[in-house]
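Biologist: Please take one part of this model and go through it closely. I would like to know where its residues sit, what they touch and how they fit into the whole chain.

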Amino acid sequence: MQQRIRKLWGTLMMIGLLIVYPLAVMQVYSTRLMGLPWWGAIAVLCIAGLLWFYPASWVIRWMSKP
């Protein structure tokens, strides 16, 4: 696969991930973690924000292959 096509697919995957990941986090929070105190909610959302790094880095690493 040419790098140009791979970058196009990677960009589309990142956009899809940018839409799907926050919706999934909101769904998990609203169904299972709604009763947490405010400091627990902040902690959960911070951890979820940090976990975003792993799928995004995988896509970026895949895009940059020659």
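## A close look at the helix packing

Modeller: Leu51 has its place in helix α2, which covers residues 38–51. Keep in mind that the model is predicted. Is Leu51 buried, partly exposed or exposed? Its relative accessibility is 45%, so Leu51 counts as partly exposed: the value lies between the 20% and 50% cut-offs. Now look across to Tyr21. Leu51 and Tyr21 are 30 residues apart in sequence, yet their C-alpha atoms lie 10.0 Å apart in space.

Trp52 comes next. This residue belongs to the loop between α2 and α3. At 23% relative accessibility, Trp52 is partly exposed, because a buried residue must be under 20%. What does Trp52 touch beyond its neighbours within four places in sequence? The contacts are Met14, Leu17, Leu18 and Tyr21. Take Leu18 from that list. The C-alpha atoms of Trp52 and Leu18 are separated by 9.0 Å, although their positions lie 34 residues apart along the chain. Tyr21 appears twice here: as a contact of Trp52, and as the partner in the C-alpha distance from Leu51.

Then comes helix α3, residues 53–63. Which residues of α3 are buried? They are Ala56, Ser57, Val59 and Met63. These buried residues span an arc of only 160 degrees around the axis, so they lie on the same side of α3. Tyr54 and Arg61 are exposed on the other side of α3. What covers the buried residues includes helix α1, residues 3–32.

One contact to follow is at Arg6. Arg6 is found in helix α1. Its relative accessible area is 10%, so Arg6 is buried: the cut-off is under 20%. Setting aside residues up to four places away in sequence, Arg6 touches Met1, Trp62, Met63, Lys65 and Pro66. Met63 is one of the buried residues of α3, and Met63 is also a contact of Arg6.

Arg4 gives a contrast. Arg4 is in helix α1 as well. With 72% relative accessibility, Arg4 counts as exposed, because the value is over 50%. Arg4 also helps to gauge distance along the chain: Arg4 and Gln27, 23 residues apart in sequence, have C-alpha atoms 35 Å apart. A second pair adds to this. Thr11 and Ala24 are 13 residues apart along the chain, and their C-alpha atoms are separated by 20 Å. Thr11 is in α1. At 39% relative accessibility, Thr11 is partly exposed.

Leu12 is also found in helix α1. At 47% relative accessibility, Leu12 is partly exposed. Leu12 is part of a nonpolar surface patch. The patch is made of Met1, Ile5, Leu8, Trp9, Leu12, Ile15, Leu18, Ile19, Val20, Leu23 and Met26. Together these residues have about 1100 Å² of accessible area. Two of the names have come up already. Met1 touches Arg6, and Leu18 touches Trp52.

Now step back to the whole chain. It has 3 helices and 0 strands. The order along the sequence is α-α-α. The radius of gyration is 15 Å, well over the 11 Å that the globule rule gives for 66 residues, so the chain is more spread out than a compact globule. Along the principal axes, the C-alpha atoms fill a box of roughly 50 × 15 × 10 Å. Of the 66 residues, 17% count as buried. The chain exposes about 5400 Å², and carbon and sulfur atoms supply 75% of that area.

The contacts complete the picture. Among contacts with a separation of 6 or more, 84% join residues 24 or more positions apart. The contact of Trp52 with Leu18 spans 34 residues along the chain.

Terms used. Residues are numbered from 1 along each chain as its sequence is written. This is a predicted model: local features need pLDDT of at least 70, side-chain atom pairs count only at pLDDT 80 or more; totals for chains, interfaces and linings use all residues. Side-chain values use heavy atoms; hydrogens and water are left out. Helices (H or I, at least four residues) and strands (E, at least two) are DSSP runs, numbered from the N terminus. The radius of gyration is taken over C-alpha atoms; the globule rule is 2.2 Å times the number of residues to the power 0.38. Buried means under 20% relative accessible area, exposed over 50%, partly exposed in between (1.4 Å probe, protein chains only). Contact means heavy atoms within 4.5 Å. Accessible areas come from the Shrake-Rupley method with a 1.4 Å probe; for residues, only the protein chains shown count as cover. The arc is that of the directions from the helix axis to the C-beta atoms. Patches are made of residues with over 30% relative accessible area and no salt bridge: like charges are joined within 9 Å, nonpolar side chains (Val, Leu, Ile, Met, Phe, Trp, Tyr) within 5 Å. A salt bridge is a side-chain nitrogen of Lys or Arg within 4 Å of a carboxyl oxygen of Asp or Glu.
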